[in-house]
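Reader: I'm new to this structure and would love a close look at a single part of it. Could you start with how the strands pair, and then walk me outward from there?

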Amino acid sequence: MTAFPAPLPLDAPLLVGYSGGVDSTVLLHWLWRCAQASATPLRAVHVHHGLQPAADDWVRHCQQQCTALGVELAVHHVRIDDTAGLGLEGAARQARRAAFAAELRDGETLALAQHQDDQAETFLLRALRGSGVDGLAAMAEHSQLGTHCLWRPLLHAQRSTLLDYARQHALRWIEDPSNAEDHADRNFLRLQVLPLLRQRWPHAAAALAGSASHCRQTRELLDEEDAELIAHLEVAPRVLSLQLLRQVSPGRAARVLRTWVLGHAAAPLPATVLQQALDELLPADNDRQARVRWHDHAIQQWRDHAYLLPAQLPSLPRDWQAAWDGRAPLPLPDGGQLSLLGASAFEQPLQVRARVGGERILLPGRQHSHALKDCLQREHLAPWRRAQLPLLFAGEQLLAAADVVIAAPLQAWLQAHAAQLQWRPGGW
């Protein structure tokens, strides 16, 4: 049996996830001792799921225990949405993480009570779902929840060790009756599978957790290589070179795409969508505009590049227009913004409108006007951005298409006033 961890010096304020069960009760008590020795701030957070009749009693129990220790307790009531395909357990976990993220203060680290048996269960669950090395890495002792550090200090301790600690210190905890039911997959593994495995292999949980650790080490190496490759492939924020991506193996390309979208806070690529991206984006001809979509995002192929975009890109209504004097940034209907930098205002307010087609513009150094459509193609502006362009007019004279194409009269005025237009498109 592994020994319980000795008290550690703490170097950051902690928020402890406290359900009232034995695991989190042990974690809270142990970290309270550590915090006293280090004079480190410590708080606790309890998530009220409302799934059990005794949920209100659990809140009172947690408040009593925290009061006895002199620990501040925050309670979050959450609603479980089990219509998103995550199942009740997954939906509850998602709600907890959202509550933790909302409660964390600047500089705080979140501490959770998962232990070695939890790690073994997670490894088995993911193996049974056909996960690769990323999934089989299971839980990390140190990770992130948004911008905050997440710490699982008991991840290498056996549950029996936690129970011994609880009895040694005469701790009081609550028992969730749902833990005795094996309907949920994790409970089935805990109640039926792991005890059977231990009959044949007494150290089964430690071995499975060890395999998860080996997978995590492999994943970390692959992550480092992925980050280096993405830095080479990403020619602009959210834009990958497909020409360069085709030079790596399909397996590496798949990892790169998964890592790339996660790095820009998009939802993970489902396996079917990832395969569709590999099948349709990589072999695509330069003049094709293949597109794959999932959740709120899409990957759009254009001119041998892959663009990570919102699934629904806003555009300017065709009948929209506004007067703008440049004194303040102009908010656009699609969520974008048009600004005049370096000058206080235009001499006369300009009209800002959406594109309707057929516009012409007089470029600097030219005698005759040119079709705006041809100018935008020469500027390599993606088609979805052309639909968002705000056009600036003085009467019926087109002075600019945002900051992409600027007519000779306005260009001269901007240069004379050391000013510039700045367009921030909506949707990113």
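Author: Happy to. Strand 14 and strand 21 (residues 420-424) are paired antiparallel through five bridges, where a strand is a DSSP run of E with at least two residues, a helix is a run of H or I with at least four, and both are numbered from the N terminus. Two strands count as paired if DSSP finds at least two bridges between them. Within this pairing, Gln337 faces Arg424 of strand 21.

Before we move on, please note that this is a predicted model, in which local features need pLDDT of at least 70 and side-chain atom pairs count only at pLDDT 80 or more, while totals for chains, interfaces and linings use all residues. Residues are numbered from 1 along each chain as its sequence is written, and side-chain values use heavy atoms, with hydrogens and water left out.

Strand 14 (residues 337-341) also has strand 13 (residues 330-331) as an antiparallel partner, joined by two bridges. Here Gln337 turns up again, as the bridge partner of Pro331. Strands 13 and 14 form a hairpin with five residues between them, and in that hairpin Gly335 adopts a positive phi near 95°.

Now to a sheet. Five strands with antiparallel pairing make an open sheet in the order 12-15-18-19-20. Strand 12 (321-324) and strand 20 (405-406) are its edges, each pairing on one side only. Inside that order, four bridges hold strand 15 (residues 350-354) antiparallel to strand 18 (residues 390-394). One residue to find there is Val352, whose bridge partner in strand 18 is Leu392.

Next, look at the side chains. Arg353 lies over the face of Phe393, 4.2 Å from the ring centre. A charge sits over a ring if NZ of Lys or CZ of Arg is within 6 Å of the ring centre and within 35 degrees of the ring normal. Arg200 offers another example, with its charged end over the ring of Trp201 at 6.0 Å from the centre.

Rings also meet rings, and the structure holds seven aromatic pairs. The ring centres of Phe4 and Tyr165 are 4.3 Å apart with planes at 25°, so this pair is stacked. Phe4 belongs to the segment before strand 1 (14-17) and Tyr165 to helix 6 (residues 159-168), so the pair ties together parts 161 residues apart in sequence. Phe4 and Tyr165 are both buried.

Trp302 and Trp384 are arranged in another way: their ring centres are 6.3 Å apart and their planes at 75°, so the pair is edge-to-face. This pair links distant parts of the chain, 82 residues apart, with Trp302 in strand 10 (residues 297-302) and Trp384 in helix 13 (residues 383-386). Trp302 and Trp384 are both buried too.

As for the terms, rings of Phe, Tyr and Trp (its six-membered ring) pair if their centres lie within 6.5 Å, with planes under 30 degrees apart stacked, over 60 edge-to-face and the rest tilted. Buried means under 20% relative accessible area, exposed over 50% and partly exposed in between (1.4 Å probe, protein chains only).

Finally, ring pairs join Phe4, Trp30 and Tyr165 into a cluster. Leu10 is another residue of the segment before strand 1, and its relative accessibility of 12% means that Leu10 counts as buried. The C-alpha atoms of Leu10 and Cys34 are 6.8 Å apart, although 24 residues separate the two along the chain.
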